[in-house]
Amino acid sequence: MGDAWDKLSPRQKSWTMAATVALISAIAGYGISQLGEGGSEANGTGGASSTQCENVLYWYDPMVPGQRFDEPGKSPFMDMELVPKCAGEEAGASSGVSIDPTLVQNFGIQTAEAEYGVLQPEVTVTGVLAYNGRDVAIVQPRAGGFVQRTYGRAPDDVIGRGAPLVDILVPEWGGAQQEYLAVLNSGDEALARAMRERMRLLGMSPGLISSVGRSRRAQSTITVTAPIGGAITSLGVRPGMTVMAGQMLAEITGFSPIWLEAAVPETQIANVRVGQPVNATLTAYPDERFVGRIIAVLPSAQDASRTVTVRAQLPNPGGKLKPGMFARVSLTPDTRRALLVPSEAVIRTGRRTIVMLRQDKGGFTPAEVRIGREAAGRTEVLAGLAPGEKVVTSGQFLIDSEASLSGLDVRSIEEAPGKDAGAQQGADDKKPATFSATGTIEKIAARSVTLKHGPVPQLDWPAMTMAFSTSGAAQLRGFKRGDRVKFTFIQKDSGAQIVSIRKSSQ
């Protein structure tokens with residue numbers, strides 16, 4: 001063969017190669033056409049493989065399962081053949097999507113029952129200590145005069161109640177007091193009463209008027225003292241000044257008890273109410289915990305941080321806590337029973353919230369739910385689920401994808417089983433929980449009692465002194481201050497309320 005090829009001229013070699021290529025192409029084309037025809041017969045739309053079910057309901061594109069077609073053919077969405085949906089498959093899909101048991105095991109699909117339990121949410125936020133805005137005193141003179149002495153006071157000085165602030169000389173008081181002393185010496189009691197009234201109108205206090213009468217000496221210099229204890233947050237007087245009646249000399253603000261202002265996210269503000277206990281830890285005292293109660297929830301939210309300021313009050317007898325200190329605040333909202341599922345079972349799609357349910361026959365189906373609060377890895381289900389139903393807690397996204405490809409409808413909230421029974425059980429579970437403690441009566445009022453009680457572990461309360469509301473005076477008949485008592489109480493929106501109370505011998 002090689003000798004014959006060598007004897008050919010270059011032109012003859014070219015023609016021979018061209019003929020060989022043409023022959024090979026023809027043979028290949030014929031083979032491909034034959035294979036195509038065989039494939040069409042094997043996989044044609046009328047073939048046995050595409051009609052393995054006796055009754056085809058419709059054809060669909062697996063990538064767009066919601067769109068159905070009456071005839072087989074190419075998908076208008078993807079470059080692929082439409083897939084038939086058999087009548088038997090539709091019946092199975094009505095009860096959920098089926099997952100191969102091997103996949104269930106390999107992917108670690110786990111379930112948990114929806115059950116009623118106590119949800120104990122805890123909100124942890126940051127806060128800052130502040131002056132007590134309800135304990136403020138404005139110091140003003142009752143008459144104009146000249147400043148004689150200021151006792152070396154400066155802004156932010158901490159002073160006690162009754163501490164001297166400034167001495168003021170009031171010239172017009174001297175003349176009025178001299179006239180009063182002359183009237184006293186005359187023995188005219190009616191005129192003396194008139195003079196005392198005139199001195200009172202000039203701004204003299206009853207104590208000063210009595211002192212002048214007893215000492216029989218004029219006192220035209222008065223000492224202005226602090227009406228409360230606290231810090232001097234504003235000081236507007238200096239030696240040698242002339243002051244007018246009603247002029248502000250100083251502002252004193254108390255910080256015992258001190259305020260704690262915490263920024264609570266608006267998504268959590270529904271769990272906060274006035275009267276709730278708070279626990280605070282400060283960076284200045286990391287080993288100590290300070291306990292107080294919420295006294296106000298401010299009416300507006302911060303635009304930038306989307307938080308609402310919650311104001312609590314902490315005891316501060318020794319002035320240990322300083323305004324401006326940073327604190328980490330733990331708020332414990334009221335506990336309540338609710339239908340709970342593990343938080344990892346909840347799938348938030350953005351448009352709605354669903355869970356994947358495990359069915360009795362091994363299938364899975366999605367169900368829409370309405371959720372509430374979340375705490376300690378559990379989420380409250382308000383509607384869409386019944387007690388005892390099993391939800392998927394691991395591998396639910398695999399099942400959700402399979403359900404979407406199968407075009408499976410999501411069970412609506414209204415279709416949840418046992419809705420009436422669940423509502424009745426939920427109504428029963430709204431009965432508030434009862435807590436017990438022992439304590440000592442500190443004060444008894446018409447519809448409340450102040451108790452110095454021990455810790456309440458169920459609510460994470462330490463020992464403290466607080467007021468409890470009562471059903472009326474009859475509930476505390478026979479009790480007095482100092483009695484040692486055992487009592488039970490419930491948590492209401494208005495605060496803690498005594499349910500029962502009796503004397504304790506301990």
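Tyr-151 lies in the loop between β8 and β9, the latter spanning residues 158-159. Its phi is near 60 degrees, a positive value in a residue other than glycine. Is Tyr-151 buried, exposed or partly exposed? Buried would need under 20% relative accessible area, and exposed over 50%. Tyr-151 has a relative accessible area of 25%, so it counts as partly exposed. The model in which this loop sits is a predicted one.

Now take the chain as a whole. The protein chain has 506 residues, and 39% of them count as buried. It holds nine helices and 31 strands. Consider the contacts with a separation of 6 or more: residues 24 or more positions apart account for 67% of them.

The two strands that flank Tyr-151 lead into two sheets. Start with β8, residues 145-149. An open sheet of four strands runs in the order β11-β10-β8-β13, and its pairing is antiparallel. Which strands form the edges? They are β11 and β13, the latter at residues 242-243, and each pairs on one side only. Between β8 and β13, which run antiparallel, there are two bridges. Phe-146 has Thr-242 of β13 as its bridge partner.

Next comes β9. This strand belongs to an open sheet of four strands, ordered β7-β14-β12-β9, again with antiparallel pairing. Here β7 and β9 are the edge strands, each pairing on one side only. Two bridges join β9 to β12, and the two strands run antiparallel. In β12, Ala-231 is the bridge partner of Val-158. In general, strands of a sheet pair through backbone hydrogen bonds, either parallel or antiparallel.

Strands from both sheets also feed a core. The largest nonpolar core has 34 residues. Those with the most contacts inside it are Leu-165, Val-166, Ile-168 and Leu-249. Several elements give two or more residues to this core. Among them are the strands β7 (136-139), β10 (164-169), β11 (221-225), β12 (230-235) and β14 (250-253). The helices α5 (171-186), α6 (189-201) and α7 (206-215) also do so. Which element gives the largest share? That is α5, with six residues. In soluble globular proteins, nonpolar side chains tend to be buried together.

Leu-249 shows how this core is put together. Leave aside its neighbours within four places in sequence. Leu-249 is then in contact with Val-139, Gln-140 and Pro-141, with Val-166 and Ile-168, and with Val-224. Its contacts also include Ser-234, Leu-235, Gly-236, Val-237 and Val-243. A second, separate core has 23 residues, including Val-123, Ala-280, Phe-290 and Val-329.

Turn to the helices of the largest core. The axes of α5 and α7 come within 10 Å and cross at roughly 50 degrees. The two helices are therefore oblique to each other. Their crossing is right-handed. What meets at this crossing? From α5 come Trp-173, Gln-177, Tyr-180, Leu-181 and Leu-184. They meet Leu-208, Ile-209, Val-212 and Gly-213 in α7. An α-helix has 3.6 residues a turn, so residues three or four places apart point the same way.

The buried residues of α7 are Leu-208, Ile-209, Ser-211, Val-212 and Gly-213. What covers them includes α5, α6 and β11. Just after α7, Arg-216 takes a positive phi of about 55 degrees.

Other loops deserve a stop. Pro-257 lies in the loop between β14 and β15, where β15 covers 258-265. A cis peptide bond joins Ser-256 and Pro-257, with omega at about 5 degrees. Further along, Arg-306 sits in the loop between β17 (285-301) and β18 (307-314). Its phi is near 55 degrees, a positive value in a residue other than glycine. Arg-306 has 36% relative accessibility, so it counts as partly exposed.

The last stop is Ser-471, in the loop between β29 (464-469) and β30 (484-492). This serine is partly exposed, with a relative accessible area of 49%. Which residues does Ser-471 touch, not counting those up to four places away in sequence? They are Arg-447 and Gln-497. Ser-471 and Gln-497 are 26 residues apart in sequence, and 8.0 Å apart in space from C-alpha to C-alpha.

Methods: Residues are numbered from 1 along each chain as its sequence is written. This is a predicted model: local features need pLDDT of at least 70, side-chain atom pairs count only at pLDDT 80 or more; totals for chains, interfaces and linings use all residues. Side-chain values use heavy atoms; hydrogens and water are left out. A nonpolar core is a set of buried Ala, Val, Leu, Ile, Met, Phe, Trp, Tyr and Cys residues joined through side-chain atoms within 4.5 Å. Buried means under 20% relative accessible area, exposed over 50%, partly exposed in between (1.4 Å probe, protein chains only). Contact means heavy atoms within 4.5 Å. Two strands pair if DSSP finds at least two bridges between them. Axes are lines fitted to C-alpha atoms, for helices over the stretch in contact, and angles run from 0 to 180 degrees between N-to-C directions. Angles under 35 degrees count as roughly parallel, over 145 as roughly antiparallel, 65 to 115 as roughly perpendicular and the rest as oblique. A crossing is left-handed if the near helix is turned anticlockwise from the far one by less than a right angle, and right-handed if clockwise.
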